[in-house]
Amino acid sequence: MSAAAETVRYQVTGMDCSSCAAKIEGAARKVDGIQDVKVSIASQIMTLEVDDPGRRLPILETAVTDLGYQLDRIGGQKGANSEHDHDEEGDDDHIPDLSHVTPAYKRALWIVVLLNVGYGIVEIAGSFIAGSQALQADSLDFLGDGLISFLGLIAVGWGLAARAKAALLQGIFLGLLGLGVVASTVYRVFIEHQPESLVMGVFALIAFVVNVLAAVVLIPHRKGDANMRAVWLFSRNDAIGNLAVVAAAGAVWWTGSQWPDLIVAFAVAGLFLQSAWSIIRDARSDLRQAGR
């Protein structure tokens, strides 16, 4: 990195999980002259060092926006998808451009939030009825997706410190839920118990339908705003996870064993805990950066 290196920050719209942040970081690091890339899933801010902003940043912005995310440069010239410039002051209180947020846009996101949180609660009840750990773990995905989308809706105009504090609380809450599922699954390892495969399969199929409905709600928007496209992909990936639980239910019925249910539960809960830890880690980093 040359002596003329400059620190640049972007607001990133469209991230839903830690894998999104990793994908963006990977694309940014491939651009020559850019180093020290850090994308926070908590505050949705990307920070990087660049040695020739005028030449490197357009390439970076194209690389990231081509992945389906919207960039809005903080305290500098407008990014690839920005519609206005920002002053150098007040970066931590930067409010992204909201001109693309229509009533239909917000209504669709609220429907997705309600579908995810609502069915997450229903699936928790279903996991106890069926005696299924995989269903219990899958319910975490619904709750996590709903809470992340909810935070994205209500925290749009918040400063860095406020967003980080909210994300930290969210990450701790989700992490505790994930640890609870892991603990109950470990307990089931030592207690012989075969889940009700039919009930388990029914709830998992309903979960699949709910995720498809969430995706259908977003169909009119998925080619427009980057955030909506990302939520669309996220809903699709969740639907694939629901089918894994359906497959586990079939395996439980076929083998007469609880192990397919437990294996899927451990896998889903492990991925969930990884995401929760990413939120906590990034939120703590953002709080240090904000000096709070």
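Q: Which residues does valine 264 touch, not counting residues up to four places away in sequence?
A: This is a predicted model, in which local features need pLDDT of at least 70, side-chain atom pairs count only at pLDDT 80 or more, and totals for chains, interfaces and linings use all residues. Residues are numbered from 1 along each chain as its sequence is written, and side-chain values use heavy atoms, leaving out hydrogens and water. Contact means heavy atoms within 4.5 Å. By that rule, valine 264 touches Ala134, Ala244, Val245 and Ala248.

Q: Which helix gives the most residues to the largest nonpolar core?
A: A nonpolar core is a set of buried Ala, Val, Leu, Ile, Met, Phe, Trp, Tyr and Cys residues joined through side-chain atoms within 4.5 Å; buried means under 20% relative accessible area, exposed over 50%, and partly exposed in between, with a 1.4 Å probe and protein chains only. The largest core has 34 residues, and Val264 is among those with the most contacts inside it. Helices 3, 4, 5, 6, 7 and 8 each give two or more residues to this core. With 10 residues, the top contributor is helix 8.

Q: How many residues does the second, separate core have?
A: Among its members are Ala21, Val31, Val37 and Val39. The core's total is 19 residues.

Q: Why does alanine 269 count as buried?
A: Alanine 269 lies in helix 8; helices (H or I, at least four residues) and strands (E, at least two) are DSSP runs, numbered from the N terminus. Beyond its neighbours within four places in sequence, alanine 269 is in contact with Ala137, Val181 and Val182. It counts as buried because its relative accessible area is 1%.

Q: What distance separates the C-alpha atoms of alanine 269 and leucine 177?
A: Along the chain, these two residues are 92 residues apart. In space, their C-alpha atoms are separated by 9.3 Å.

Q: What is the reach of helix 3 from its first C-alpha to its last?
A: Helix 3 has 28 residues. The expected span of a helix is 1.5 Å times one less than its number of residues, and here that gives 40 Å. Glycine 131, with a positive phi near 65°, follows the helix. The actual reach is close to the expected one, at 39 Å.

Q: Which residue of helix 3 forms an aromatic pair with phenylalanine 142?
A: Rings of Phe, Tyr and Trp (its six-membered ring) pair if their centres lie within 6.5 Å; planes under 30 degrees apart count as stacked, over 60 as edge-to-face and the rest as tilted. The structure holds three such pairs. This one is edge-to-face, 5.3 Å centre to centre with 65° between the planes. It links distant parts of the chain, 23 residues apart: phenylalanine 142 in helix 4 and, in helix 3, tyrosine 119.

Q: Are tyrosine 119 and phenylalanine 142 buried or exposed?
A: Tyrosine 119 is listed among the buried residues of helix 3. Both partners of the pair are buried.

Q: Why does tryptophan 254 count as exposed?
A: Its neighbour tryptophan 253 is exposed too, at 61% relative accessibility. Tryptophan 254 counts as exposed because its relative accessible area is 69%.

Q: Which strand pairs with strand 1 over six bridges?
A: Two strands pair if DSSP finds at least two bridges between them. Strand 1 is mostly covered, with six of its eight residues buried. It pairs with strand 4 in the antiparallel sense over five bridges, and glutamine 11 stands opposite aspartate 72 there. Its antiparallel partner over six bridges is strand 3.

Q: What is the phi of aspartate 36?
A: Most residues other than glycine have a negative phi. Aspartate 36, in strand 2, has a positive value. Its phi is near 50°.

Q: How far apart are the end C-alpha atoms of residues 262–280?
A: UniProt, in an unreviewed entry, places the feature "transmembrane region" at six spans, including 168–191 and 262–280; its positions follow the numbering used here, feature names are shortened, and annotations may be inferred rather than shown by experiment. Residues 168–191 are 96% helix, with ends 35 Å apart. Residues 262–280 are 100% helix, with end C-alpha atoms separated by 26 Å.
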